[in-house]
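Got the viewer open and a selection box ready? Let's take a short walk through the model.

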Amino acid sequence: MKKAVLDIGTNSVKLIIGERSHGDAIKIILDVNVITKLGEGMREDGRLSEAAMARTAQAVVKFADFARSQGAEEVVCVGTMALRTAENAGDFIKKVRAAGGPEVRVLSGEEEAALSSRAVLNSIDGASRGEALIFDTGGGSTEFVRAAGCEIERAFSVPVGAVTLTDENFKSSPSDPRLVCSVIAALTRKFSEAGVRPGAAMMIGAGGNVTAIASVAAGLDRYDPNVIHGSALTREEIMRQTALYAKCTDEERREIKGLSPKRADIILGGACIILAAMEAAGAKEIVVSDRSLRHELLRRELSTDTKS
C-alpha cells in the first residue's frame with residue numbers, strides 16, 4: 001500500500017509518497033516541495049494573508065490530488081509553526097477543506113521536534129551513539145532535541161525561523177554586517193535561554209536552510225539528497241556563506257550555484273539561525289540531515305498499516 005504525507009510549513013509545502021519494501025524498509029517514491037511562503041508578512045499582524053493562504057491551499061490540494069493519482073490510498077496532512085500561531089489559521093484549514101483537500105492536523109512544537117529528531121536518529125550513522133543535539137530550522141520555528149542513545153531526553157521549539165527573521169530584520173538587501181552580527185548575538189542568547197547547551201558529542205542540522213547551505217558548499221548544479229544527507233558543514237563554511245549572503249542583493253543570491261532561487265530572499269536569515277544554534281551549543285561543525293518530520297510520519301503510517 002502506498003501512502004503520502006503533506007507537511008505545510010511556514011515557507012514551503014512538502015509531499016512525500018512511499019510504500020513498504022523488504023521487511024521494515026520503506027521505499028520513497030517521491031519527495032518534493034514547493035515554496036509558497038504561507039507565513040509571509042505574518043509578523044506584522046499575526047495573520048495569514050489572503051494571497052498566501054490561496055497559493056498554499058492550491059499547492060496542498062494539487063499535491064494531494066497528485067498523490068492519489070499515483071496510487072496513494074491515504075494522504076496525511078500536517079501543519080507547523082504558521083498554523084500553530086496565526087490568528088486566522090482556521091480560515092486556511094477551511095479553504096483547504098472547501099477545495100476538496102485533506103484534513104489538516106496542526107502539530108504542537110513538541111510533536112514537531114520529536115518527529116523530526118526521530119527521523120534523524122533513524123538515518124544518521126552514529127547519531128544513536130553518545131549524546132546528540134538535533135535542530136530542525138524552518139520558516140517559522142526552530143526545533144531542538146537532545147538525545148542520548150536512541151532516547152529523546154528533551155524536545156522543545158523556539159518560535160524563530162528564516163521567514164519570520166527575514167520579515168523582522170532583512171527585508172532589504174544587501175544587509176549591514178553589523179546588523180547581521182547583532183542578530184546572531186541576540187539569537188544565540190535566545191537559544192541559550194531556551195535550553196541549548198554545549199556538551200553534545202554530535203550536532204545535527206535539518207531543514208531546508210541547512211540543506212541549502214550544504215548544497216552551496218558542495219557546489220551542486222542540482223540538489224541531490226544522497227550527496228547532502230550525512231555530509232558535514234564547518235562553522236567557517238557557514239560564516240563564509242553568511243558573509244556572502246549579507247553582501248549580495250536577492251538577485252545576486254539567485255545566481256549562486258547550489259542555492260534555489262526561491263530561497264534566495266530568506267537564506268541569510270537561515271544562515272544566522274544556524275550560526276546562532278552552533279554558537280549556543282559550542283559546536284565547530286554540524287552533520288547535515290535531509291530527513292525530517294514527513295519521513296517519520298510516513299514510516300509510522302506504513303508501520304501502522306502492516307500491524308492492522
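The tour below goes from one serine to the cysteines and then to a helix.

Before clicking, note that this is a predicted model, where local features need pLDDT of at least 70 and side-chain atom pairs count only at pLDDT 80 or more, while totals for chains, interfaces and linings use all residues. Residues are numbered from 1 along each chain as its sequence is written, and side-chain values use heavy atoms, with hydrogens and water left out.

**Stop one: Ser116.** Select residues 109-121 to get helix H5, home of Ser116. (Helices are DSSP runs of H or I with at least four residues, numbered from the N terminus.) Ser116 has a relative accessible area of 3%, so it is buried (under 20% relative accessible area, 1.4 Å probe, protein chains only). Now show its contacts, meaning heavy atoms within 4.5 Å. Beyond neighbours within four places in sequence, Ser116 touches Asp136, Ser292 and Leu293.

**Stop two: the cysteines.** How many disulfides does a search of the whole structure find? Zero, with a disulfide taken as a pair of cysteine sulfur atoms within 2.5 Å. Pick Cys248: its closest cysteine sulfur, in Cys272, is 14 Å off, so that is too far for a bond. Hop over to Cys272, also in no disulfide, where the nearest cysteine sulfur is that of Cys181, 8.7 Å away. Both are buried: Cys248 at 9% relative accessibility, Cys272 at 0%.

**Stop three: helix H8.** Select residues 208-218; eight of the 11 are buried, so H8 is largely enclosed by the rest of the structure. Among the buried ones are Asn209, Thr211, Ile213 and Val216. Finish at Gly219, just after H8, with its positive phi of about 65°.

Note on methods:
Helices (H or I, at least four residues) and strands (E, at least two) are DSSP runs, numbered from the N terminus. Buried means under 20% relative accessible area, exposed over 50%, partly exposed in between (1.4 Å probe, protein chains only).
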